[in-house]
Amino acid sequence: MADDKRTPLADIVVGDRFWLAYAQEAVRGAVKAPEQRALQLAGAIAWFWTVYSAAGILAVALGGDRFGKLVALLIALPSLVLVIAYWQAVRVGRPLTFKFDPRIPSEISSAFEQAASAKQSALRAAEIWTAIAGFLVAGALVTALLQSPASAPSLAARFDPSDRTRLLVVASVSKGAAVTFVARAASAPSGAASTASSLEKAGADGQVHASLPVAALAGQSVTASWSDDATKTRHSMSVDVSVD
């Protein structure tokens, strides 16, 4: 069997020049390492922004006009924190200026320590803000997912079983909207005067009820009209009610 001529690790002698070079690289890394870490944080912040944008689009699609102030704040807050976090990450890579005499090693050392300390402080701030942004983005995403989709507008009406000269009307519209209900005889020509009308305000769930008296027991056409405060558009829908 051939002799193993490999030198044991314990017998390897590393000279002072090796450790001097190693220390030199470590010292240089004290300033460069935070900058590399800041680049990684900037990438994470960009990814958070992508996820947050998706959460915002989802929230709007589910019916942003139905959100309360607290829900709207939870969804909007990450945008501000993400901007702050990105700015903090960029600050880590900014050039630093320190005055020192290049002929005096102690002043050079002091300037380096200040630069390294400033970089580390900026990096810690960037990491903290990035962590806060991550939690807020997660919270915004969960909040958006927990919101129920906005129901489509609907209108239903029928004669009151206990009073056949009265229409009971229920509609689903934008929350808090002022709804005008109008009843006309189904046989009346277009533009004819209404037989009954009522102005009602929808509740926080968008539901609104009305009771419309009619002059005679005959088929009616009921119309609900309202304005959407969020989109500033006018909506209207109608339903025919027949005599059973």
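This report walks through the fold, one helix, one sheet and two neighbouring residues of a predicted model.

Some ground rules will help you reproduce the values. Residues are numbered from 1 along each chain as its sequence is written, and side-chain values use heavy atoms, with hydrogens and water left out. Because this is a predicted model, local features need pLDDT of at least 70 and side-chain atom pairs count only at pLDDT 80 or more, while totals for chains, interfaces and linings use all residues.

**Overall layout**

The chain has three helices and seven strands. Helices (H or I, at least four residues) and strands (E, at least two) are DSSP runs, numbered from the N terminus. Along the sequence they follow the pattern α-α-α-β-β-β-β-β-β-β. Of the 244 residues, 29% count as buried; here buried means under 20% relative accessible area, exposed over 50%, and partly exposed in between, using a 1.4 Å probe and protein chains only. Among contacts (heavy atoms within 4.5 Å) with a separation of 6 or more, 66% come from residues 24 or more positions apart.

**Helix 2**

Helix 2 covers residues 69–92, which makes 24 residues. From first to last C-alpha it reaches 35 Å, close to the expected 34 Å, where the expected span is 1.5 Å times one less than the number of residues. A kink of about 30° lies at Ile75, shortly before the proline Pro78; the bend is the angle between axes fitted to the seven residues ending at a residue and the seven starting there. Both Ile75 and Pro78 are buried, and the buried residues of helix 2 also include Val81, Leu82 and Ala85.

**The three-stranded sheet**

Three strands form an open antiparallel sheet in the order 1-2-5. Its edges are strand 1 (154–160) and strand 5 (207–213), each pairing on one side only. The twist averages 20° from one strand to the next, with axes being lines fitted to C-alpha atoms, for helices over the stretch in contact, and angles running from 0 to 180 degrees between N-to-C directions. Two strands pair if DSSP finds at least two bridges between them. Strand 2 (residues 163–172) shares seven bridges with strand 1, and seven bridges also join strand 2 to strand 5. Strands 1 and 2 form a hairpin with two residues between them.

Here are some of the facing residues:

| Residue | Opposite residue | Strand of the opposite residue |
|---|---|---|
| Ala156 | Val170 | strand 2 |
| Phe159 | Leu167 | strand 2 |
| Val169 | Ala210 | strand 5 |

**Gln220 and Ser221**

Gln220 lies in strand 6, and so does Ser221, with the strand spanning residues 220–228. Gln220 counts as buried because its relative accessibility is 3%, whereas Ser221, at 21%, counts as partly exposed.

Beyond neighbours within four places in sequence, the contacts of Gln220 include Phe159 and Leu167, the pair that face each other across strands 1 and 2. A polar atom of the Gln220 side chain lies 3.5 Å from the backbone nitrogen of Ala185.

With the same neighbours set aside, Ser221 is in contact with Val182, Ala183, Arg184, Ala186, Val239 and Asp240. Val239 is 18 residues from Ser221 in sequence, yet their C-alpha atoms are 5.9 Å apart. The side chains of Ser221 and Asp240 are joined by a polar contact of 3.3 Å. A polar contact is a pair of N or O atoms within 3.5 Å; within protein, one must be able to donate a hydrogen and the other to accept it, and residues adjacent in sequence count only if both atoms are side-chain atoms.
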